[in-house]
Structures are given as C-alpha cells and as structure tokens.
Amino acid sequence: MSPLPTFSTMAPEAGLKQAMSLSRPDIIETMKQSGLKGRGGAGFPTGMKWNFAAAAQAAEKFVICNADEGEPGTFKDRVILQEHADLVFEGMTIAGKAIGARSGIVFLRGEYTYLRPQLEAVLDKRRKQKLLGKDILGSDLEFDIRIFMGAGAYICGEETALIEALEGFRGEPRNRPPFPVNTGFLGRPSVVNNVETLASAACILQKGADWWKATGTANSTGIKIFSVSGDCEKPGVYEFPMGITVAQLLKEVGGVGAKAVQVGGASGLCIPASQFKRIIAFEDIPTGGSIIVFGQQRDMLDVLHNFLDFFVDESCGQCTPCRLGNRKLLEGVELLREGKCSMAYLQELCALGDTMQIASKCGLGQSSPSAFLSVVKNFREELMGRTYSHV
Amino acid sequence: MLMTDRERLAGEIKALAEKHGNCRTALIPIVQEIKQKYRKVDDFAMQVIADQLGIHPVEVYSVVSFYAFLGSAAHGKYIIRLCRTISCDMQGKERVMRQMENDLGIRFGETTADGKFSLEWANCMGMCDQGPAMLVNEKVYTHVTPEKVHEILEECRRSFGVHATEQKEVYLV
Ligand SMILES: Cc1cc2nc3c(=O)[nH]c(=O)nc-3n(C[C@H](O)[C@H](O)[C@H](O)COP(=O)(O)O)c2cc1C
Ligand code: SF4
Ligand code: FES
C-alpha cells in the first residue's frame, strides 16, 4: 500500500511544535478557520467540538480517538494507523493541549488486534522522545495515550456507545444531549474524533488553515481519504479533494460504466448512474469515505439484502423502530426477491423507513433505511414482479 | 471444576482486576484476557469477576453476551471469522464458506468435535479492497479462495504437533 501523499509530506511533529507555541484559544481558532469537519461520517465542525470541550469546566477531560472503523466498505483508518500512526497521536496530543486534557484513549476495534503491537511500539517511542508523558517537548504540557480494545460491535463506533463500552457497559447509545463534550467518559468532558480527523488536525496545525481551505469546497474544506472497493479496476485507499464528482472518482479508480455507487457505506446513499454528476461533500452526498462500486451485473436486491442482514445483526436492540424496523425491511427484500410484494406493501415499507429515520434513537437506526429508500426510488423497475427464477 | 483450578482462576481474575484498576471500566479488558486464555467465560468466572468489581453477576453476563468477541460459550483453539459483508460477498465469500464447511465438517456457528476450530461469520473487517477476507484468531487473511482454504487450515494444524496435519477431510451433506 502506498502511503498517502499528503500525510507523508508532513514534517514530523511540526504541527505539535506549532501548537506548543500557540495559546489554547489560538489552536482552536486555527481549527475553526480551517473549516475541518469530522471525518467519521457525521461531519461536525472539529474546531467547534474542541471549543465546547475546552469551555467545559472539569477536573479531568479526555481525548478519544475513534478507531472502531466498522462501516461496510471503510478501511482508510486502518491504513492511516498502519502508515501514519505518529500523525494520529500528534493530533491527539494537540487536541489534549487545546481542551486541557491529560489522557487520550484510542478505541481500537477488536478486528484490528493485529495492529496493536505496532501502535504500542509507536507510543513507547513517543514517550522516549518526550512527545508523550510529562513535560512534552520541554514544556509543562502533560499528555499520555492508552489503547482500549473493542470487542466486536459496529454500534461502538457511535460515540456514546463507545463511551459506554469504555466504562464497562453494553454498547448501547445514550440520549444526546448531553453530548460527550460535556458529559463523556466517566461523566467528564470528552472529545471523540475519528482517526482521520485527528491526523488532519496535525496537518492543519503544521501548514495553516489557509493551506487546508485551499482544497475542497467552501462548505467541505480540505482533502478526504476514501476507501474504494467493489467492481472497479483499482480498489484501495485514495486521497481526493472534497467536492469531487462521483464520475471523476470512478474514472480515477477504474470504475467507469458502473451501474451505481454506494457512498458512505451501508448507512449511506446508493447513487444511480444518472446522478454521477453529483459531488461528494457535506452539502451534497456526505460520506465517511466508503465508496462501493456496483457493476452492471449486480442485482440491487442482493445488495440490499446484504446491508439489511448487517443492520439486523448490528442493531443494539435498544429501541423499537430500529430493532424491528430493520427486520421488517429485510423481510420486505425477501418478498421482493420472491416476487411476492405488492406495490401497496412496498409503499408501506417506505413509510416505515421514513419513520425509522425520525424515530430511532441513534444514527444506526436513523440511517439504516437510506439504502433501501434510495434503491426503491432509483431502481424500482428492477424490483417489482420478479419471477421465482430470480431466487 | 477442580478446586485447585478454581482457586487459580480466581487468583488470575483478582490480579487482572488489580492491573486494570479494580473498577467497572476494567470489566471488558478482564473478560477479554480470560476469554483469550481459557476460550470461554463460564458462570464461575463471571461470579468472581462480579465479586471483584462489586457488581451483580447478571451485569457481567449482560456485557459478555452483548459483544460478538466475548460470549460465554466455549470456542475452538482457532476461531475462523469469514467476512460476509458486501464487498467480500461480491468477491466470492460464498464459495469460501462452502469449502470451509466441507473441509472442517461443520457449519458456520459450530465448533469441531475436537475443539480445534470454530467457524463464525464476521461483518466488514476493513479489508474490503482485498476480499474475501477472514480472520483466524487475530491474523488476517485476504484474497482467500476455495483452494487456499486447505492450506490455511493446515497452517493452523501444524501448531497441534507433527501427527495432527493432513487430517481426513469430510464431505458435508
Ligand atoms: C452507527 C454508527 C457508527 C459509527 N461508526 C463510526 C466509526 O466507526 N468511526 C468513526 O470515526 N465514527 C463513527 N461514527 C460517528 C461517531 O459517532 C462520531 O460522530 C465520530 O467519531 C466523531 O468524530 P469526527 O467528528 O472526527 O468525525 C458512527 C456513528 C454511528 C451512528
Ligand atoms: S437506533 Fe438501533 S442501534 Fe441505535 S439505539 Fe436504537 S436500536 Fe440501538
Ligand atoms: S466487506 Fe469484507 S472486509 Fe469489508
């Protein structure tokens, strides 16, 4: 795997050194100026998040790196951790200074246990180099990082479920508000950021907000790391500016002629070929970076079946719209496959999907019907009146 | 359970609890380490963990049963987790599954009678560009094909000792 050009052109620790020379409000101001939005999917402005946590009064605060990467089709956080772990830890340390936290926790998914020895070695090296621990780089800054292993639950990528797991509970999302920036791990103010967000923050501190803003769109600044898989010639990890069109992206990855592209993983949107001119950015098609290309031969019902199996399996089961709604949608896909679904029932299922988007407690249930709804909308002619031979 | 075994397990749990700070936040790390070593977390272990952390054993059970990688039931020495999510599905995970079941003589969700292998499904494991992907314990395998299945199983079997390789393979009806 080739290292990512932008991340590998960064001078080591230049961002951290810059942060040391700035006051806490100035670091946050730089982040706000850059317009960086969270890379985990939700796209919350990072500077604003840090500012909330910095403003909160507490004896103890935490910086949490969300390395639970579980969205189907996403693997860029793994590559960033393998190739640029230093940059991620540098970003966490900068966040620690900005909000006034002394502890950082990396929540690493159980499936990535094989990355742990390597990451622990990088942490040890940083402690020896005085980049972690007490008196970082000769200043009075104190910050250290530990790794917590996840135990195999997609829902723990949701920040409040992640905190529940850290505290030793079932990974069941909490009501928000209160948000983690006020009431996070152990009830203390906590910043939860994606791996890529933290690495990007280190780059921004080094090169400045204007450098970051020069790429991307006004609303979605900077570069974004994409995980590309599915029916294309060159699957892998890519770096593209925010605002790239689906068509341009397909050209780069060798996926021209695709039938549809799933942007944002199973919880994202299914974009048909007629809409390939749309742009990937928070103002149009938002994404955490997962791109799955579907070639002409793919049956969109098989795709939906796979996604809904995933959500039925991974729903935490806490609230009814999601626990039962995903099951109903899955049964609906099975009926469609067998050619036994009436138009009236399909419409009812779509109404159920709308309800789930409104009534579910967390992002999983709110976004799990998206793929179903977009396939029904865009590929209707493919779905109805199937004969049994399709099964 | 042998009394001496019990004492030893209780001692280990106590030491783990101390290492992880003797409070609720230690729960998942303790269970992970016990599971890693004993391949199960039985009622006795859950009771001791509960006593150590000052919580009800049902609380321990509720956490253990929530997470795919915990779970109280015993599993084989090697847990094979094949990814069933979309990109691996499109790259042919179905045939890998069939061959895996044929070569081990068990279905997904089962453990071989000799306690050596368990077959489980996993959701996307971050190797989508190199599918079909699977984990054998902590090790990741990519671009798995039905032909490679045998090779991977033999690699595991070699760790059982010289006489354990080339086991008779079964035909699954
Ligand atoms: C079901 C669900 C799964 C999520 N999984 C992840 C994940 O694997 N990684 C991640 O960074 N964020 C994930 N998120 C988003 C987090 O809740 C949170 O918004 C994010 O970590 C914030 O970081 P950011 O602002 O840097 O993006 C998930 C959200 C939901 C609802
Ligand atoms: S929406 Fe689903 S995952 Fe989220 S809290 Fe409800 S049941 Fe759990
Ligand atoms: S879909 Fe199998 S690793 Fe992502």
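How many helices and strands does chain B have? In this predicted model, chain B contains seven helices and four strands, and these elements follow one another along the sequence in the pattern α-α-α-α-β-α-α-β-β-β-α. The C-alpha trace of chain B extends over about 50 × 35 × 25 Å along its principal axes. Of the 173 residues in chain B, 48% are buried, and the accessible surface of the chain amounts to about 8400 Å², with 52% of that area belonging to carbon and sulfur atoms. Among the contacts in chain B with a separation of 6 or more, 61% are accounted for by residues that lie 24 or more positions apart.

The domain assignment divides chain B into domain 1, covering residues 5–70, and domain 2, covering residues 78–166; the centres of these two domains of chain B, taken over C-alpha atoms, are separated by 28 Å. For chain A, the assignment gives domain 1 (5–213), domain 2 (223–294) and domain 3 (300–388). The centres of domain 2 and domain 3 of chain A, again taken over C-alpha atoms, are 22 Å apart, and contact between these two domains of chain A involves eleven residues of domain 2 and 13 residues of domain 3.

Attention now turns to helix α3 of chain A and its surroundings. The buried residues in α3(A) are Ile27(A), Ile28(A), Thr30(A), Met31(A) and Ser34(A). Because these residues cover an arc of only 155° around the axis, they are placed on the same side of α3(A). The packing partners of the buried residues of α3(A) are α2 (14–21), α4, α5 (76–99), α8 (195–207) and α9 (209–213) of chain A. Just after α3(A), Gly35(A) adopts a positive phi of about 75°.

Lys32(A), which also lies in helix α3 of chain A, has a relative accessible area of 39% and is therefore classed as partly exposed, a value that falls between the 20% limit for buried residues and the 50% limit for exposed ones. When residues up to four places away in sequence are not counted, Lys32(A) touches Gly47(A), Met48(A) and Asn51(A). The C-alpha atom of Lys32(A) is separated by 8.3 Å from that of Ala209(A), although the two residues are 177 residues apart along the chain.

The loop between α3 (24–34) and α4 (46–55) of chain A holds Phe44(A). With a relative accessible area of 36%, Phe44(A) is partly exposed. Together with Met48(A) and Phe52(A), Phe44(A) makes a nonpolar surface patch of about 270 Å². The relative accessible area of Phe44(A), at 36%, satisfies the requirement that residues in such a patch have over 30%. Leaving aside neighbours within four places in sequence, the contacts of Phe44(A) are with Leu36(A), Lys37(A), Gly38(A), Lys49(A) and Phe52(A); Phe52(A) is thus both a contact of Phe44(A) and a member of the nonpolar patch. Met48(A), another member of the patch, is among the residues touched by Lys32(A) of helix α3. Phe44(A) and Asn193(A), which are 149 residues apart in sequence, lie 9.7 Å apart in space, C-alpha to C-alpha.

Notes
Residues numbered from 1 in each chain as written. Chains lettered and ligands numbered in written order. Predicted model: local features only at pLDDT ≥ 70, side-chain atom pairs only at ≥ 80, totals over all residues. Heavy atoms only, no water. Patch = residues over 30% accessible without salt bridge, like charges linked within 9 Å, V, L, I, M, F, W, Y side chains within 5 Å. Areas by Shrake-Rupley, 256 points an atom, 1.4 Å probe, with all protein chains shown as cover. Salt bridge = Lys/Arg side-chain N within 4 Å of Asp/Glu carboxyl O. Helix = DSSP H or I, 4+ residues; strand = E, 2+ residues; numbered from the N terminus. Buried < 20%, exposed > 50% of the residue type's maximum accessible area, 1.4 Å probe, protein only. Arc of directions from axis to C-beta. Contact = heavy atoms within 4.5 Å. Domains from an automatic or database assignment.
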